[in-house]
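Work through these exercises with the sequence and the model side by side. Each task is followed by a stepwise solution.

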Amino acid sequence: MTTPLYLVLITGMSGSGKSVALAALEDAGFYCVDNLPPELLESFVALQNDRPRTSRKIAVAIDVRSAVSLPGLPERLAQLVKSGVRLTSVFLDATDGTLVKRFSETRRTHPLSLATESGPECGLLEAIRSERDMLSDIRESSLVIDTSLLRPALLLHQIKDLVAHSTQNLTLVFESFAFKRGIPMDADFVFDVRMLPNPHYDPQLRHLTGKDAPVANFLALLPDVVAMLDHVQAFLNHWLPAMKKDHRSYVTVAIGCTGGQHRSVYLVETLTRRFQDPWQAKCRHREFPSA
């Protein structure tokens, strides 16, 4: 029996890291095509299906350069899934400020900036906002990864880990973060745990993280921490079945504290263990550069 074709679609904002993501997929054994026009997607998939000895794992990057045919992309993807193609759709995003900085540093021209007659900075912001609007429908149906604070090496790791563990079941991604560095753009739900006791004020715990046993043991004994965990779990248990019924494949739950080192990390680690069954649960920690 022929293995179903596995298609990873990479879309997102210009300057958000799509070339890095494609490189990660190529390293993972995917046959990759950059900037494929959406109207050629079905033909490309059919060509791969007709070649049984070729890779059954393909990755395609589609971006705003295909502006005219972008509106029809969601329907094309739905038809491919109905035909038996296994699909993972990934949308890379970043804040407007981050994108402006990246374009300024690389001196690249935004694909939509040629359509504006304003000054360079104003024109670039206008192009970014226009692009965000054009891609909004695709973003809505994709797993969103916020690359604003991600180094390329960490994005490579996240993409490889994603495709290595991708299943047909709904995937929960629990992410810890520091409020002082902003809320992750890829979060579906955000929980603020800054009201919980902070291990940072204990000199013996300050240099540790929520992954270390002394911090975990300290927090596990606090009634408010236990209550917060139970409340988040009850909320997700109530709504996840409805989200799966609505054909959601990924749900990102962001949990933030002041520094993203102790409380949020402990809650993310604990919730990931609690939700391994029946869902597929993964955790990541935004403030750990080497995670």
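**Exercise 1.** Determine how the lining of the second largest cavity divides by class.

*Solution.* Start with the lining residues: Ile-145, Asp-146, Leu-150, Leu-154, Gln-158, Glu-175, Asp-186, Arg-284, His-285 and Arg-286. Then sort them: 3 are nonpolar, 2 polar and 5 charged. Here Ala, Val, Leu, Ile, Met, Phe, Trp, Tyr, Cys and Pro count as nonpolar, Asp, Glu, Lys and Arg as charged, and the others, Gly among them, as polar. Next, assign elements: β5 (143-146), α7 (152-164) and β9 (280-285) each supply at least two lining residues. Helices (H or I, at least four residues) and strands (E, at least two) are DSSP runs, numbered from the N terminus. The volume of this cavity is about 40 Å³.

The model is predicted: local features need pLDDT of at least 70, side-chain atom pairs count only at pLDDT 80 or more, and totals for chains, interfaces and linings use all residues. Residues are numbered from 1 along each chain as its sequence is written, and side-chain values use heavy atoms, with hydrogens and water left out.

**Exercise 2.** Find how many cavities of 30 Å³ or more the structure holds, and describe the largest.

*Solution.* A cavity is a set of points on a 1 Å grid over the protein atoms alone where a 1.4 Å probe fits but cannot get out; lining residues have an atom within 4 Å of a point. Points are joined across faces, edges and corners, and the volume is the space filled by probe spheres set on them. The search gives 2 cavities. The largest holds about 50 Å³. Its lining is Asp-146, Leu-149, Leu-150, Glu-175, Asp-186 and Arg-286. That makes 2 nonpolar, no polar and 4 charged residues.

**Exercise 3.** Which residues of α1 (residues 18-27) are buried, and which are exposed on the other side?

*Solution.* Apply the cut-offs: buried is under 20% relative accessible area, exposed over 50%, partly exposed in between (1.4 Å probe, protein chains only). Lys-18, Ala-21, Leu-22, Ala-24 and Leu-25 are buried. They lie on the same side of α1, because they cover an arc of only 155° around the axis, taken from the directions from the helix axis to the C-beta atoms. Ser-19, Glu-26 and Asp-27 are exposed on the other side. Finally, list the partners: the buried residues pack against β1 (6-12), β2 (31-33), β3 (57-61), β4 (86-93) and α7, with contact meaning heavy atoms within 4.5 Å. Gly-29 follows α1, with a positive phi near 95°.

Key
1 Å grid on protein atoms, 1.4 Å probe; cavity = no way out; pocket = protein on both sides within 12 Å on 5 of 7 lines; lining within 4 Å.
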